[in-house]
Amino acid sequence: MRSIGPVSRIGRSLMVVTAMAAASAVSAMSLAAAPAAAAPTDTTAPQPGDTCTAADLGTRHPYIKTTEVSPTITHFKGWYVTEGTTGNQTVSTSIQTTISVSVGLNGNVESSFAVETLGKVGASLGLNVKVDYSSTSSVSNSVTWNFSQPGYYGVYKGTKKVTGTYGSLNCNRVQQGDGSWALEWIEGSGSGSFTTYTTLEEGAVRCQDSVPAGSITAKAQDLLVCGSAVAKAEHPAGAVAPTAKQKRDRLVQRPALTSGTSAEQPKATGPSARAALDCTAGAYKIAVPGKPLSWGAPLLADDGVRLRPSTIFSAHLDHWRLCNVTEHNGVLEASLWNWGNGGCATIAEQNAATERAVLMTAPCTEDDLQRFYVYRDVPGSSKVGVQNKYTGSMMGHDRYADGEFIRQYSSGRQDGTGTYTLIGV
């Protein structure tokens, strides 16, 4: 038997599986559904404990904690072929399982961090997985197949569903055993789960066919419920009504679209009464290293934080205090209160999942959108990287220019423009 038609329309390309013409074997090899304790190491990416530089303080990278790969049937139809009806036929299947690509907080795969996460998944497993948003429900359900022998067939499309968890690596100072300090990649804020899938395969399989255990084809053969009355009965050529098991499996295997929200991701609490802040006595400029521009808060509520020069007319809009400061594993967490406008730095809730969303200020509340992690260089250096607690994104700017917005970037600014200096004033 052989495939003579395209498998689907989604993604960059979908594979057409060629099966041998032997009547007893129609199979596509697939990885068995066995969870892996941890993904293999990707030697091109930073790992926990690797050294980093001050330019990396404003960046972050994902690393894969766990993976699980399982063969999944996305489209299926029971089909009976009688003598005289063999040959090429086009079968319209029904959706069995929907798999949608998702990563992290809201399932969004538009950010660079999400794309990098899925890229590392594929590299670690040696699989070609989807790295942009797609869903198997959008795949054409038509399968064209050359049925060379009569019999009861399961006509299917299937894939390898890939799920797992990831963590976030950030650069921060770590004290060594001899008391000295060094910059290392540590596990920072932001972890979650992902779902993706490999290229779809299509085929047709009978109960008597010998297929590899744990393969996509074996998964389709299982849906035939071989030994049931339906499988043994004589039928007219064409579609066979689904068995009770097929109906039951279809309901069980059709999950709701995952939000991808991490169990470890803090929640934004929404507007509340103005928080009473316990702020440090000193104030700071958050400046571009070696240059005069620094973060300047806006006077207008609908404006954002921008790079501004410090002058006698700055009205303390370039002065920030660290408030409600805590420290965990050498990483500071604080609210950034602006002396000039009395607001706290924040990412607007409606823009939390948006790459390059502008940093704003708002009345200070107990809200994780207003909390920031500060990653520091070794003692003696004032260089820092700043990360929003809720979104996990790093703060940075597109270019060095007066009036340029401070924005969030899911992976930070890889050119070092997300590294700032915290200068006491």
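**Disulfides and one enclosed helix**

The protein I am showing today has 4 helices and 23 strands, and I should say at the start that what you see is a predicted model. Of its 425 residues, 55% count as buried, and the accessible surface comes to about 18100 Å², with 53% of that area belonging to carbon and sulfur atoms. If we take the contacts with a separation of 6 or more, 72% of them are accounted for by residues 24 or more positions apart.

Let me turn to the cysteines, with a short reminder for those who are new to this. A disulfide is a covalent bond between the sulfur atoms of two cysteines. How many disulfides does the count come to here? The count comes to 4 disulfides, and, when the bonded cysteines are counted along the chain, the pairing follows the pattern 1-2, 3-4, 5-6, 7-8. I will go through three pairs, one after another.

In the pair of cysteine 52 and cysteine 171, the sulfur atoms are 2.1 Å apart, and the link is right-handed, with 85° about the S-S bond. Cysteine 52 sits in the loop between β1 (34-36) and β2 (60-81), while cysteine 171 belongs to strand β7 (residues 151-175), so this disulfide ties together parts of the chain that are 119 residues apart in sequence. Are these two cysteines buried or exposed? Cysteine 52 has a relative accessible area of 11%, which is under the 20% cut-off, and therefore it counts as buried; cysteine 171 is buried too, with a value of 0%.

The next pair is cysteine 207 and cysteine 226, whose sulfur atoms are 2.1 Å apart. Which hand does this disulfide have? The torsion about its S-S bond is about -95°, and so the disulfide of cysteine 207 and cysteine 226 is left-handed. Here cysteine 207 is found in the loop between β10 (201-206) and α2 (216-223), and cysteine 226 in the loop between α2 and α3 (229-232), so that distant parts of the chain, 19 residues apart, are linked. Cysteine 207 is partly exposed at a relative accessible area of 25%, and cysteine 226 is also partly exposed, at 39%, because both values fall between the limits of 20% for buried and 50% for exposed.

Please keep helix α2 in view for a moment, as it has just been mentioned on both sides of that pair. How much of α2 is buried? In this helix 6 of the 8 residues are buried, which means that α2 is largely enclosed by the rest of the structure. The buried residues are Ile216, Thr217, Ala218, Ala220, Gln221 and Leu223. After α2 comes valine 225, which has a positive phi, near 55°.

The last pair I want to describe is cysteine 279 and cysteine 323, where the sulfur atoms are 1.9 Å apart and the link is right-handed, with 95° about the S-S bond. This disulfide, too, links distant parts of the chain, with cysteine 279 in the loop between α4 (244-252) and β12 (284-287) and cysteine 323 in strand β15 (residues 320-328), 44 residues apart. Cysteine 279 is partly exposed, with a relative accessible area of 28%, whereas cysteine 323 counts as buried at 0%.

To close, please look once more at the model with the cysteine pairs in mind: the links of cysteine 52 with cysteine 171 and of cysteine 279 with cysteine 323 are right-handed, while that of cysteine 207 with cysteine 226 is left-handed.

Definitions and conventions
Residues numbered from 1 in each chain as written. Predicted model: local features only at pLDDT ≥ 70, side-chain atom pairs only at ≥ 80, totals over all residues. Heavy atoms only, no water. Disulfide = S-S within 2.5 Å. Helix = DSSP H or I, 4+ residues; strand = E, 2+ residues; numbered from the N terminus. Buried < 20%, exposed > 50% of the residue type's maximum accessible area, 1.4 Å probe, protein only. Contact = heavy atoms within 4.5 Å. Areas by Shrake-Rupley, 256 points an atom, 1.4 Å probe, with all protein chains shown as cover.
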